[in-house]
Amino acid sequence: LTPTEAVFVASEAVPGRQPASSASAGKFDACAPKRSVVLRMSFVDSEPTPRIRGERAIPTKSNYFIGSDPERWIVSVPNFAEVVVEQIYPGIDVVYRDDDGQVAFDLVVSSEADLGRVQLSYQGADQVNIGPDGSVLFDTSLGELRCRPPAVYLVDHHGRIRLDGRYEKRMDGRVGLASAPRGHRREFLRSRDPAFLTFLNG
């Protein structure tokens with residue numbers, strides 16, 4: 001993760017290239033040759049230096065031993081279940097989280113934020129399309145990869161209410177978020193204070 005970009009890697013083992021010792025034992029070798037696709041998702045025209053914080057600390061630590069120079073080693077780095085990028089657009093935070101071993105992200109949106117400013121640019125796919133259900137479909141060398149449409153919730157002290165939400169492709173090829181018209185959304189939210197919208201990618 002970077003302040004304005006997330007990198008996702010999809011891999012599969014190369015058929016027929018698994019070492020015989022592992023294949024005969026019926027095991028998968030993590031070091032066996034793989035084919036991979038790297039997808040980069042960036043938030044276009046967003047705040048370039050947003051504040052980032054970790055939430056829900058977990059007990060494990062990470063160590064990064066880079067080269068042979070101990071001065072470059074980074075040890076005991078804390079890990080978190082969620083990473084929050086604040087105000088990536090005015091009134092909009094991004095929350096990256098684990099979802100059964102997969103990286104997902106939420107957009108927490110204040111009632112006065114302009115959802116039209118949210119634009120996603122993807123690199124690494126041969127082609128990017130929007131499916132009938134509002135998913136983002138990536139044509140890659142591994143086949144078609146899919147990012148499910150966002151679940152949209154109005155969140156306040158009463159609980160959360162499901163709203164319609166889907167991805168849409170903009171004329172410049174970027175991907176945006178389609179939801180209730182902004183004026184209708186504000187009218188709906190005025191009866192609840194405080195109020196937020198959460199886009200759940202998953």
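Reader: In which sense do strand E9 and strand E10 pair, and over how many bridges?

Author: In this predicted model, strand E9 covers residues 136-140 and strand E10 covers residues 143-147. Two residues lie between E9 and E10, and the two strands form a hairpin. Their pairing is antiparallel, over five bridges.

Reader: Which residue in E10 stands opposite Thr140?

Author: Thr140 belongs to the span 136-140 of strand E9, while E10 begins at residue 143. Across the hairpin formed by E9 and E10, the residue opposite Thr140 is Gly143.

Reader: Which strand gives the most to the largest nonpolar core?

Author: The largest nonpolar core has 26 residues, and Phe43, Phe105 and Leu107 have the most contacts inside it. Several strands each supply at least two residues of this core, including E4 (74-89), E6 (102-110) and E9. The strand that gives the most, with four residues, is E2.

Reader: Which residues does Phe43 touch, not counting residues up to four places away in sequence?

Author: Phe43 is one of the residues with the most contacts inside the largest core. Beyond its sequence neighbours, Phe43 touches Thr4, Ile88, Tyr89, Val94, Tyr96, Phe105, Leu107, Gln119 and Leu120.

Reader: Is Glu5 buried or exposed?

Author: Glu5 is found in strand E1, residues 5-13. Its relative accessible area is 19%, and the cut-off for a buried residue is under 20%. Glu5 is therefore classed as buried.

Reader: With which side chain does the side chain of Glu5 make a polar contact?

Author: Leaving aside neighbours within four places in sequence, Glu5 is in contact with Arg40, Met41, Ser42 and Tyr96. The polar contact, at 3.2 Å, joins the side chain of Glu5 to that of Arg40.

Terms used. Residues are numbered from 1 along each chain as its sequence is written. This is a predicted model: local features need pLDDT of at least 70, side-chain atom pairs count only at pLDDT 80 or more; totals for chains, interfaces and linings use all residues. Side-chain values use heavy atoms; hydrogens and water are left out. Buried means under 20% relative accessible area, exposed over 50%, partly exposed in between (1.4 Å probe, protein chains only). A polar contact is a pair of N or O atoms within 3.5 Å; within protein, one must be able to donate a hydrogen and the other to accept it, and residues adjacent in sequence count only if both atoms are side-chain atoms. Contact means heavy atoms within 4.5 Å. Two strands pair if DSSP finds at least two bridges between them. A nonpolar core is a set of buried Ala, Val, Leu, Ile, Met, Phe, Trp, Tyr and Cys residues joined through side-chain atoms within 4.5 Å.
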